[in-house]
Amino acid sequence: MLTLHGSAALSAFRKAKLLANMQASIPSVTDVDAQFLHFVELADNKTLTAEQETVLQRALAYGPKSSQVSSSDQSVLVVPRLGTISPWSSKATDILHNCGLAAVSRV
């Protein structure tokens, strides 16, 4: 399974509002950030060529860029319940198949 960093999940306004709410409860919080992660499952242990990886990265590059979260920062990963298949995932998988990425089984 491939893991690709996506775009920022919070606008500047929502980030500032969330930070203010968090600081009201925990004054030591200095920053907050959120970004999308894309988990890409490949069919039957297939691999992508360099050209296919470029297509995949370009297809999943949308919205405002996110600052990369440092590994020294505290992180929380929020994912759907196991077995959940979202409409976004289904549509993204269809789009990648139409881009010639038949090796992708699910995004």
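## V79 and the nonpolar patch

V79 is partly exposed in this predicted model. Its relative accessible area is 48%. That value falls short of the exposed class, because exposed means over 50%. V79 sits in the loop that links α2 (50-59) and α3 (87-98).

V79 also belongs to a nonpolar surface patch. The other members are M1, F39 and L77. Together the four residues have about 420 Å² of accessible area. A second landmark for V79 is R106, 27 residues away in sequence. The C-alpha atoms of V79 and R106 are 15 Å apart in space.

## Overall fold

The protein chain holds 3 helices and 3 strands. Read from the N terminus, the order of elements is β-α-β-α-α-β. The chain is more spread out than a compact globule, because its radius of gyration is 17 Å, well over the 13 Å that the globule rule gives for 107 residues. Along the principal axes, the C-alpha trace spans about 50 × 30 × 25 Å.

Burial and surface can be put in numbers too. Of the 107 residues in the chain, 22% are buried. The accessible surface of the chain comes to about 8100 Å². Carbon and sulfur atoms account for 56% of that surface.

Contacts in sequence terms come next. Take the contacts with a separation of 6 or more. Among these, 73% are between residues 24 or more positions apart.

## The salt bridge

How many salt bridges does the rule count? The count comes to 1. The partners are K15 and D31, whose side chains meet at 3.7 Å, N to O. K15 lies in helix α1 (residues 12-25), while D31 lies in the loop between α1 and β2 (35-42), so the pair ties together parts that are 16 residues apart in sequence. Side chains of opposite charge can pair when their charged atoms come close.

Is K15 buried or exposed, or in between? K15 is partly exposed, at a relative accessible area of 26%.

## Strand β2: H38 and Q35

H38 lies in strand β2. H38 counts as buried, with 4% relative accessibility. The side chain of H38 makes a polar contact with that of Y62, at 3.4 Å. Neighbours within four places in sequence aside, H38 is in contact with L2, T3, L4, H5, G6, L60, Y62 and W88. Y62 thus appears both in the polar contact and in the contact list.

Q35 has its place in strand β2 as well. Q35 counts as buried, because its relative accessibility is 17% and the buried class means under 20%. The side chains of Q35 and H5 are joined by a polar contact of 2.6 Å. H5 is also among the contacts of H38.

## Helix α3: W88

W88, one of the contacts of H38, is placed in helix α3. W88 is partly exposed, at 43% relative accessible area, whereas H38 is buried.

Which residues does W88 contact, leaving aside neighbours within four places in sequence? They are H38, L60, Y62 and V107. L60 and Y62 are found in the contact list of H38 too. V107 is 19 residues from W88 along the chain. The C-alpha atoms of W88 and V107 are separated by 8.7 Å.

## Helix α1: Q23

Q23 lies in helix α1, the helix that also holds K15. Q23 is partly exposed, with a relative accessible area of 32%. Apart from neighbours within four places in sequence, Q23 is in contact with V29 and T30.

How far apart in space are Q23 and H97, C-alpha to C-alpha? The separation is 44 Å. In sequence, Q23 and H97 are 74 residues apart.

Conventions: Residues numbered from 1 in each chain as written. Predicted model: local features only at pLDDT ≥ 70, side-chain atom pairs only at ≥ 80, totals over all residues. Heavy atoms only, no water. Helix = DSSP H or I, 4+ residues; strand = E, 2+ residues; numbered from the N terminus. Buried < 20%, exposed > 50% of the residue type's maximum accessible area, 1.4 Å probe, protein only. Patch = residues over 30% accessible without salt bridge, like charges linked within 9 Å, V, L, I, M, F, W, Y side chains within 5 Å. Areas by Shrake-Rupley, 256 points an atom, 1.4 Å probe, with all protein chains shown as cover. Rg over C-alpha atoms; globule rule 2.2 N^0.38 Å. Contact = heavy atoms within 4.5 Å. Polar contact = N/O pair within 3.5 Å; in protein donor to acceptor, adjacent residues only side chain to side chain.
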